[in-house]
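Student: I would like a close look at one strand and its surroundings. Please begin with the residue there whose backbone stands out, then work outwards through the neighbours.

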Amino acid sequence: MPRTFTADPAITPTLRDGILDVWTDVTNAGGAVGFVAPVTPEDIRPALLRQFTDMAEGRSRLVVGHDEDGRVAATAFLTRNTHRLMTHWIWLYTVMVHPRHQGKGYGRDLLAEAEGAARAMDGVEAIRLGCRGGLGLERFYASCGYKEVGRVPDAIRVAPGDDRDDVIMLLTLT
């Protein structure tokens with residue numbers, strides 16, 4: 001079975017647990033996905049449940065990638081901007097590729113699937129994301145067509161004395 005990517009999959013216990021595993025493993029490998037290691041799936045579960053609530057209420061969409069064995073390997077959430085003057089662009093959150101699959105093209109495929117899902121959304125003209133500076137993420141996103149449009153120095157405090165830039169990236173769809 002080849003790797004596959006799907007937008008808006010049905011949320012099953014297997015998918016939920018797979019996303020929790022990816023999110024935990026990415027965080028514990030040093031990934032910049034909203035938590036700082038060490039974490040357990042139970043640390044992350046409330047954030048995932050909030051994402052599922054947003055999906056159920058139509059504010060967010062999930063893009064998920066499965067590996068050749070059918071396991072969750074990559075995820076991203078597309079979230080509508082609720083500010084009435086900014087509904088023409090959406091947020092891309094929690095972009096993750098399991099560490100065992102990094103460097104194999106999963107990230108590029110995930111971003112391409114997310115872009116396709118965004119293009120299918122009425123009125124969406126751009127995708128915006130924030131990434132943690134100091135990890136080279138902005139170079140990866142730039143290689144996928146995103147442009148750095150802003151940077152807030154030392155906005156992300158990973159630990160006392162370890163502040164990172166919040167890098168704002170944008171992909172224009174029009």
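Tutor: Gladly, and one term comes up at once: buried means under 20% relative accessible area, exposed over 50% and partly exposed in between (1.4 Å probe, protein chains only). T94 is buried, because its relative accessible area is 15%. Bear in mind that this is a predicted model: local features need pLDDT of at least 70, side-chain atom pairs count only at pLDDT 80 or more, and totals for chains, interfaces and linings use all residues. Residues are numbered from 1 along each chain as its sequence is written, and side-chain values use heavy atoms, leaving out hydrogens and water.

T94 belongs to strand β4 (helices, H or I with at least four residues, and strands, E with at least two, are DSSP runs numbered from the N terminus). The backbone is what singles this residue out: T94 is not a glycine, yet has a positive phi of about 50°. For another such case, turn to D8, also not a glycine, with a positive phi of about 60°. D8 sits in the loop between β1 (4–7) and α1, and counts as partly exposed because its relative accessibility is 39%.

Two buried residues reach T94 by contact, meaning heavy atoms within 4.5 Å. One is T75, in strand β3. T75 counts as buried because its relative accessible area is 0%. Apart from neighbours within four places in sequence, T75 is in contact with T94, V95 and M96, with L62, V63 and V64, and with I19 and L110.

The other is Q51, in helix α2, which counts as buried because its relative accessibility is 12%. With neighbours within four places in sequence left out, Q51 is in contact with T94 and Y93, as well as S60, F77 and T79.

Now step back to the helix that carries Q51. The 16 residues of α2 reach 21 Å from first C-alpha to last, close to the 22 Å expected at 1.5 Å a residue (the expected span is 1.5 Å times one less than the number of residues). Besides Q51, the buried residues of α2 are I44, A47, L48, F52 and M55. The buried residues of this helix pack against α1 and the strands β2, β3 and β4. Just after α2, G58 takes a positive phi of about 80°.

Helix α1 also has β4 beside it: what covers its buried residues includes β4, along with α2, β2 (60–66) and β3. Among those buried residues is I19, one of the contacts of T75. Others in α1 include L15, L20, V22, W23 and V26. The helix has 16 residues and reaches 22 Å from its first C-alpha to its last, close to the 22 Å expected. G30, just after α1, takes a positive phi of about 100°. In the loop between α1 and α2 you will find P38, which a cis peptide bond, with omega of about 0°, joins to A37.

Let us finish with the largest nonpolar core, a nonpolar core being a set of buried Ala, Val, Leu, Ile, Met, Phe, Trp, Tyr and Cys residues joined through side-chain atoms within 4.5 Å. Among the 28 residues of this largest core, those that touch the most other members are L78, L92, I127, Y141 and Y146. At least two residues each come from β3 (72–80), β4 (89–97), α3 (106–119), β5 (126–132) and β7 (162–172), and α3 gives the largest share, 6 residues. Apart from this core lies another, of 18 residues, including V39, L48, V64 and V72.

Back in the largest core, L92 and I127 touch each other, and I127 also touches I90, A114, E115, A118, Y146, M169, L170, L171 and L173, residues up to four places away in sequence not being counted. Look at A114 from the other side: it is in helix α3 and is buried because its relative accessibility is 0%. Beyond residues up to four places away in sequence, A114 touches V63, L78, L92 and I127. A114 and I127 are 13 residues apart in sequence, with their C-alpha atoms 9.2 Å apart in space.

For contrast, compare G161, in the loop between β6 (147–159) and β7. G161 counts as exposed because its relative accessibility is 83%. From G161 to E115 there are 46 residues in sequence and 36 Å in space, C-alpha to C-alpha.
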